[in-house]
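Please take me through this structure in a viewer, one selection after another. At each stop, say what to select and what is there.

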Amino acid sequence: MPWIIHKLSDSSVLSRFTGLVRRSHRRTRPVMWVAAGFLLAGSCWVLVTGLYARSELLAARIDLETLRNTVTAPPSPASAARGATDRRARTDAAARSAAAHAARAHRLTGGPAWSVAAHVPLAGGPLETVRGTAKAVDRLTGQVLPALVSAAGNLANIAGAGGGHLNLAELSKAAPALEQASRQMATARTETRGLPSRTWLPAVDRVRDQLLSRLDRIGPAVEDAATGARLLPLMLGADGPRRYFVVFQNPAEARGTGGMPGAYATMTADRGKLTLTEFGHDGAMVSARPKVDLGAEFTTMYGHNDAVNTWPNSNLSPHFPYAARIWSAAWLDKSGEHVDGVLALDPGALARLLAASGQARTTDGTVVSADNVVDISERTNYMSYADPLKRKAFLLDVARAAAGRLLTAADDPQLRPALLLGLYDVLGNGQMTVWSAHPNEQRELESRPVGGSLPQSPEPYAGLVVNNGAGTKLDYYLDRTLEWYPGRCTAAGREVTVKAVLANHAPPSGLPTYVTTRMDKPAYATRAGDNRLLVSYYATAGASLNRATIDGQTARMSPGVERGHPVYTFDVELPAGSSRTVVLHLLEPPADRAPTVLHQRLPRPLRATVRPSSGCRGD
């Protein structure tokens, strides 16, 4: 050590060392300048190409808006053939332009400079997000969108064999491309979800979140399109005629699947052509005695209401396949005819479809349109007809007129695109549900919203289900709110509080007796407009109830289990002009995600709020 100190203190040594450093600096300086130049050039390149890429993505966004507006626009006054051709040309042009802009944005952000910059610790996060966003949009417009546009255009503009409403050959031909599009969409969602969610540039984070939100909405639609391409050819009679039982539900009297089963029809599908062959009202079905076994769990939940043999109670469960099996067996008992499936829809579904097809007229000249079909079916018909038989005949006429108008519109290439879009909407939001008697088809339907199934899984779940217990038609005036609050994570699980508020806005006077009459004949005094509801909460599998209250007072309830979900049912008297608040304190299995919320389709939509949670995981 002294020797090292001595050498370092030697002036000759220091002189030689200083000279070496100076010569080294002279040799290093050009290298540093070159490196700085490359760094500056790379930064400028990233900045300039980033601006160009932003411009291209904005242009792609405009094209996608044009595409959406073209698809959803009302028919032009031109001839049907020319209008369909023009629409197809505009759609194709917008899709190609969006794909071209997105591809350029992807190329601009895909070079070496972007790759290096995106991997710079901390600073590179926003650049990685921009690169990933451009790649996802390119994948969406270049590989997903073409398959969807092509399939939609062919289905909308070309009739099937023998004048069918849907071209089953084109649909089958599109199936492989739609399957590939579904896989590409899943990849885009996964890759986008893997991008940095929080960087030092909030504007880029918002773009990533918005894209992911859109992909999460579009993804199921693409999966539905692929599923439809697989199933629809068979279900619509590609290999031979299919026969279906169609039920029109009336949500003015709430049931688990939406509304009480009312009018019905039978429908034949043959090579894509749909024909309505018979119409009837619920009175014709009350004598049916279906021969169907839905298992011990169903019997425990609904046997005391004789749900299998009592037509008005046949859909108390929110699990649509239960109701469909009862209805198909009831039709077999009544007519001797087997059906290949069951469809159910409500006036809200008819409203959406009539918005695309145009208005219909009943035999007495009543105009039935998107604007009035819900009100006619759920409110004003009770005021117009004191005789129940005449009222049911009128509602049957409404159903027949609306259905006939929809089938006529399906023959029109000019109206078909908007009609198909409306059909997808009502299938996707649960206003129309489908069950198939063919097990392979039914397995796929149950996994999609169109199947109307109560999910059988351990994922967090929150289901508020209302069944009318009074026999009134007052649920047209029912408001529902649901709030879900996550609480502490404990060793036993996650504490959850659920608050449901039910409000009866029935007017104090002016309603027909048929609407307000209490079929339950309560022992206590009631007024016109008072209602009674069986309110059921479907919790996450494995949950337990610690405490429940109604308006702050300890509540009595009936426990049950359906498809793995604990079910807690409360008998709630709901006077006219009042509201009742049901609160449940639950302990659920540990989870790090929010629940899936069941949206029972009633005249007034459920207002649901899910409070955010940091989540908790089990061991």
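## Low-confidence stretches

Begin with residues 1–28, where pLDDT (the predictor's confidence in each residue, from 0 to 100) stays under 50. The model has three contacts for residues 1–28 beyond four places in sequence, a contact being heavy atoms within 4.5 Å. Next select residues 77–81, where pLDDT is also below 50; beyond near neighbours in sequence, this stretch has five contacts in the model.

Residues are numbered from 1 along each chain as its sequence is written. This is a predicted model, in which local features need pLDDT of at least 70, side-chain atom pairs count only at pLDDT 80 or more, and totals for chains, interfaces and linings use all residues; side-chain values use heavy atoms, with hydrogens and water left out.

## The whole chain

Now select everything and colour by pLDDT. The chain has a mean pLDDT of 87, and 89% of its residues reach 70 or more. Switch to a cartoon to see 15 helices and 18 strands; these are DSSP runs, numbered from the N terminus, with helices (H or I) of at least four residues and strands (E) of at least two.

Of the 619 residues in the chain, 48% are buried. Buried means under 20% relative accessible area, exposed means over 50%, and partly exposed is in between (1.4 Å probe, protein chains only). Among contacts between residues at least 6 apart in sequence, 73% join residues at least 24 apart. The chain exposes about 29500 Å², of which carbon and sulfur atoms supply 59%; the areas come from the Shrake-Rupley method with a 1.4 Å probe, and for residues only the protein chains shown count as cover.

## Helices H5 and H12

Select Thr129, which sits in helix H5 (residues 125–157). Thr129 has a relative accessible area of 0% and is therefore buried. Setting aside neighbours within four places in sequence, show the residues that Thr129 contacts: Leu195, Pro196, Thr199, Val204 and Arg208.

Move to helix H12, residues 388–410. From first C-alpha to last, the 23 residues of H12 reach 33 Å, close to the 33 Å expected at 1.5 Å a residue; the expected span is 1.5 Å times one less than the number of residues. At the N-terminal end of H12, select the cap, Asp387. A side-chain oxygen of Asp387 lies 2.9 Å from the backbone nitrogen of Leu389.

## Salt bridges

How many salt bridges does a search of the whole structure find? The search finds 35, a salt bridge being a side-chain nitrogen of Lys or Arg within 4 Å of a carboxyl oxygen of Asp or Glu.

Select Arg230 and Glu179, whose side chains meet in a salt bridge at 2.2 Å, N to O. Arg230 is in helix H7 (residues 202–235) and Glu179 in helix H6 (residues 168–193), so the pair ties together parts that are 51 residues apart in sequence. Arg230 is partly exposed at 34% relative accessibility, and Glu179 is partly exposed at 21%.

Stay with these helices and select Asp216 and Arg189, a salt bridge whose closest N and O atoms are 3.2 Å apart. Asp216 lies in H7 and Arg189 in H6, so this pair ties together parts that are 27 residues apart in sequence. Asp216 is partly exposed at 29%, whereas Arg189 is buried at 17%. Extend the selection to Arg193, Glu223, Asp224 and Arg448, which are linked with Arg189 and Asp216 in a network of salt bridges.

Then select Arg580 and Asp551, a salt bridge at 2.6 Å, N to O. Arg580 lies in strand E16 (residues 579–588) and Asp551 in the loop between strand E12 (544–550) and strand E13 (553–554), so the pair ties together parts that are 29 residues apart in sequence.

## Strand E8 and two loops

Select Asn467, in strand E8 (residues 461–468). Asn467 is buried, at 7% relative accessibility. Beyond four places in sequence, the contacts of Asn467 include Ala254, Asn315 and Arg532. The C-alpha atoms of Asn467 and Asp571 are 9.9 Å apart, with the two positions 104 residues apart along the chain.

Finish with two loop residues. Arg271, between strand E2 (258–270) and strand E3 (273–280), has a phi near 55 degrees, a positive value in a residue other than glycine. Arg271 is partly exposed at 48%. Arg563, in the loop between strand E14 (558–562) and strand E15 (565–574), also has a positive phi, near 50 degrees. Arg563 is buried at 13%.

Terms used
A polar contact is a pair of N or O atoms within 3.5 Å; within protein, one must be able to donate a hydrogen and the other to accept it, and residues adjacent in sequence count only if both atoms are side-chain atoms.
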